[in-house]
Amino acid sequence: MEFTMQQLQDKFAELYGTEGEPKAYFAPGRVNLIGEHTDYNGGHVFPCALTIGTYGLIRPRKDRTVRFYSMNFDTMGVVTTSLDDLVPNDEAGWTNYPKGVMWTFEKRGFQLPAGADILIYGDIPAGSGLSSSASLEVLTGIMLRDTFGFDISMVDLALIGQYSENNFNGMNCGIMDQFASAMGKKDCAIFLDTNTLHYEYAPVKLPDARIVITNSKVKHSLVSSAYNDRRRESETALKDLQTVMDIKTLGDLTEEQFEAHKDAIKDPICQKRAKHAVYENQRTIHAVEALKANDIVTFGKLINESHISLRDDYETSCEETDILAELAWQIPGVYGSRITGGGFGGCTVSIVKNDAIDTFIDNVGSVYKEKTGHTAEFYVVDIGDGARPLN
Ligand code: GAF
């Protein structure tokens, strides 16, 4: 964290005055270990919350004004809006995320009795695909809930975040990121069935290894439109399959059932997308079994297969993340490595033996730089808790 809590409190007082102590909150980012692009296909995911994320200070006001300030976008200064004017617009930049959550609260019958002064600071690297927007949504949700005394569960706060991202910000994401940020648990990944929202915490006990995130430092444009395309292609595949079988989601299918009925999917691109969704869901179930049995070798192999499927069938990887994963696979001591998150850049996640971490960072970093000109960043991460008050 670049700023201390004291510095955030001082900035809050400087901007908004000292009348009344603001309350402080935190909501984490996430890394997904396996189960990619399965969350809107009725499959399983296996993310964990990080110890980096978004911090917020909030103090209610007496009128309907809302004031936002971000330490990360300080050049925007204080952005002022009103609870009576909750509409998305480009000039509002990052504030469209908290505004979307406020709009969703009102839509769901949680009428906000007053506005608020809000200060935000995030330590998730920009554009890394580690869910800075989901963490901001969940943070806003928990701040509003506590400040105005609403009775809303953490799972519902995740759903509110997803709804606002879909309907206010136009990104048709699934539930994974908001769920991980709201429901994360230290040292555990969340095995979530996105069909039922049934979940269980699986301890991530890696006796001789750590989770290493590698940031490609690349974010290709049109991420959200390409993401929405994938979602549409998967839905087309599902509709075709439903003409020959009784299923609700692609997550209902085993690999065998998919192979037996795949010809019902007319468009070959949609068929590849569905293949990924079905196989990735099954891989996720097997990966969790392997982790529970302390079989890190199998867990790692499934992680590698996930990358290959995202590269070849779902086509959400890109040259840079392919290079990162393929370099990682060559290093002894790497159990598995794959692109994580929405794709088209962002990060890879790797499971690396403790005594191979330095070599991994040196080798992957230098060859990646040679091949792409980009300087990758590496984070050896701990798994943290979900969103919470700090004072
Ligand atoms: C993004 C989305 F926000 C998630 O819902 C999920 O679909 C992920 O991409 C891919 O697994 O992070």
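How do the residues of the shell around the ligand divide into nonpolar, polar and charged? I started my notes there, and I keep in mind that this is a predicted model. I counted three nonpolar, five polar and three charged residues in that shell.

**Entry: the ligand shell**

I then listed the shell by name. Around the ligand I found Asn32, Glu36, His37, Asp39 and Tyr40, along with Cys173, Gly174, Met176 and Asp177, and also Gly341 and Gly342. Two of these names came back later: Asp177 is among the residues that Arg30 touches, and Gly341 and Gly342 are among those that Gly129 touches.

**Entry: the whole chain**

I stepped back for an overview. The chain has 11 helices and 13 strands. Its radius of gyration is 21 Å, close to the 21 Å that the globule rule gives for 391 residues, so the chain is as compact as a globular protein of that length. Along the principal axes, the C-alpha atoms fill a box of roughly 65 × 50 × 40 Å.

I also checked burial and found that 49% of the 391 residues are buried. For contacts between residues at least 6 apart in sequence, I noted that 73% join residues at least 24 apart.

**Entry: the annotated loop**

Next I opened the UniProt record. The entry, which is unreviewed, places a "binding site" feature at Ser70, Gly127, Ser128, Gly129, Leu130, Ser131, Ser132 and Ser133. I took three of these residues in turn.

Ser128 sits in the loop between strand 6 and helix 3. I call Ser128 buried because it has 23 C-beta neighbours inside 10 Å. Leaving out residues up to four places away in sequence, Ser128 touches Asn215, Gly346 and Cys347.

Gly129 belongs to the loop between strand 6 and helix 3 as well. Gly129 counts as buried, with 27 C-beta neighbours inside 10 Å. Beyond residues up to four places away in sequence, its contacts are Gly341, Gly342, Gly345, Gly346 and Cys347.

Ser131 is in the loop that runs between strand 6 (116-122) and helix 3 (132-148). With 30 other C-beta atoms within 10 Å, Ser131 is buried. Its phi made me pause: the value is positive, near 70°, in a residue other than glycine. Most residues other than glycine have a negative phi.

**Entry: a second positive phi**

I looked at Glu315 for the same reason, since most residues other than glycine have a negative phi. Glu315 is not a glycine, yet its phi is positive, at about 50°. I placed Glu315 in the loop between helix 9 (296-312) and helix 10 (319-329). Is Glu315 buried or partly exposed? It is partly exposed, because 19 other C-beta atoms lie within 10 Å and a buried residue needs 20 or more.

**Entry: Arg30**

Arg30 is a charged residue in strand 1 (residues 23-32), and I wanted to see its surroundings. It counts as buried, with 32 C-beta neighbours inside 10 Å. Apart from residues up to four places away in sequence, I saw Arg30 touch Pro47, Cys48, Ala49, Leu50, Leu130, Ser131, Asp177, Ala180 and Ser181. Of these, Leu130 and Ser131 are listed in the UniProt "binding site" feature. Arg30 and Leu86 are 56 residues apart in sequence, and I read 28 Å between their C-alpha atoms.

**Entry: just before strand 1**

Glu21 lies in the loop between helix 1 (5-16) and strand 1. I note Glu21 as exposed because it has 12 C-beta neighbours inside 10 Å. Leu57 is 36 residues from Glu21 along the chain, and their C-alpha atoms are separated by 9.3 Å.

**Entry: the cores**

Which residues of the largest nonpolar core touch the most other members? Within its 89 residues, they are Val138, Ala158 and Phe179. Another core, of 12 residues, lies apart from it and includes Phe258, Ala274, Val278 and Tyr279. Nonpolar side chains tend to be buried together in soluble globular proteins.

I followed Val138 further. Not counting residues up to four places away in sequence, it touches Ala27, Leu157, Ala158, Gly161, Gln178, Ser181, Ala182 and Ala387.

**Entry: the N-terminal domain and helix 10**

UniProt, in an unreviewed entry, gives "domain: GHMP kinase N-terminal" at residues 96-185. I found that stretch to be 57% helix and 8% strand, with its end C-alpha atoms 28 Å apart.

Last, I turned to helix 10, where Glu320, Thr321, Ile323, Leu324, Ala325, Leu327 and Ala328 are buried. Their cover includes helix 9, helix 11 (357-372), strand 9 (209-219), strand 10 (334-340) and strand 11 (345-353).

Note on methods:
Residues numbered from 1 in each chain as written. Predicted model: local features only at pLDDT ≥ 70, side-chain atom pairs only at ≥ 80, totals over all residues. Helix = DSSP H or I, 4+ residues; strand = E, 2+ residues; numbered from the N terminus. Contact = placed C-beta atoms within 7 Å. UniProt positions renumbered as here; feature names shortened; annotations may be inferred. Near = placed C-beta within 6 Å. Core = buried A, V, L, I, M, F, W, Y, C linked by C-beta atoms within 7 Å. Rg over C-alpha atoms; globule rule 2.2 N^0.38 Å.
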